Amino acid sequence: GPVAFLDSMLVTVWEPPHSPSPSGARFAVRKTGRLLAGWAEVQAVTRADGRIDLTWTEEIIPRPEVLGRLLVPLANPVTSRLFGRAVAGMAGAAEAAS
């Protein structure tokens, strides 16, 4: 979209496929940017039919955090919609590539 900003993050967990579980992968990040605080964790598990279940859990807190925590209930519907669109786009691109 027309609005963009740098959302920097620090990787705090990195478990690629086959390490430690042969069926999944996981990573977690802590948001370190000037506009957003919070964290995210993403896990991908391969099902028996070869499809992948993706679980993306995230807490986004606008900075400054004291004020941002008050805004979270208002921001959650917006961020849920944005991430839903982003994940749907990635899924569509992955299906088109396969």
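I began by fixing my classes: Ala, Val, Leu, Ile, Met, Phe, Trp, Tyr, Cys and Pro count as nonpolar, Asp, Glu, Lys and Arg as charged, and the others, Gly among them, as polar. I note also that the structure is a predicted model.

**Entry 1: the second largest pocket**

I applied these classes to the second largest pocket, whose lining divides into 9 nonpolar, 1 polar and 4 charged residues. I recorded a volume of about 410 Å³ for this pocket. I counted 14 lining residues, and those nearest the centre are Ile52, Asp53, Leu54, Ala91 and Ala94. I then looked up which elements give two or more residues to this lining, and found β3 (36-46), β4 and α1. Of these, α1 gives the most, with 5 residues.

**Entry 2: the largest pocket**

I turned to the largest pocket, which has a volume of about 470 Å³. I found 13 residues in its lining, with Val3, Phe5, Leu36, Leu82 and Phe83 closest to the centre. Two or more residues come from each of β4 (52-62) and α1 (65-97). I note that α1 supplies the largest share here, 5 residues. By class, I entered 10 nonpolar, 2 polar and 1 charged residues for this lining.

**Entry 3: the strands β3 and β4**

I next asked how β3 and β4 run relative to one another, parallel or antiparallel. I found them antiparallel, joined by 11 bridges. I located leucine 36 opposite proline 62 of β4. Leucine 36 was already in my notes as one of the residues closest to the centre of the largest pocket. The hairpin of β3 and β4 has 5 residues between the strands, and I noted there that glycine 50 takes a positive phi near 90°.

**Entry 4: aromatic rings**

I searched the whole structure for aromatic pairs and obtained 1. The pair is formed by tryptophan 14 and phenylalanine 27, with 6.2 Å from centre to centre and 40° between the planes. I entered the pair as tilted, because that term covers planes that are neither under 30 degrees apart nor over 60. I placed tryptophan 14 in strand β1 (residues 9-15) and phenylalanine 27 in strand β2 (residues 24-32); the two are 13 residues apart, and the pair links distant parts of the chain.

I then asked how exposed each partner is. Tryptophan 14 has a relative accessible area of 61%, so I entered tryptophan 14 as exposed, the cut-off for that term being over 50%. Phenylalanine 27, with a relative accessible area of 29%, I entered as partly exposed.

Definitions and conventions: Residues numbered from 1 in each chain as written. Predicted model: local features only at pLDDT ≥ 70, side-chain atom pairs only at ≥ 80, totals over all residues. Heavy atoms only, no water. 1 Å grid on protein atoms, 1.4 Å probe; cavity = no way out; pocket = protein on both sides within 12 Å on 5 of 7 lines; lining within 4 Å. Points joined across faces, edges and corners; volume = space filled by probe spheres on them. Helix = DSSP H or I, 4+ residues; strand = E, 2+ residues; numbered from the N terminus. Phe/Tyr/Trp six-rings, centres within 6.5 Å; stacked < 30°, edge-to-face > 60°. Buried < 20%, exposed > 50% of the residue type's maximum accessible area, 1.4 Å probe, protein only. Pairing = 2+ DSSP bridges.
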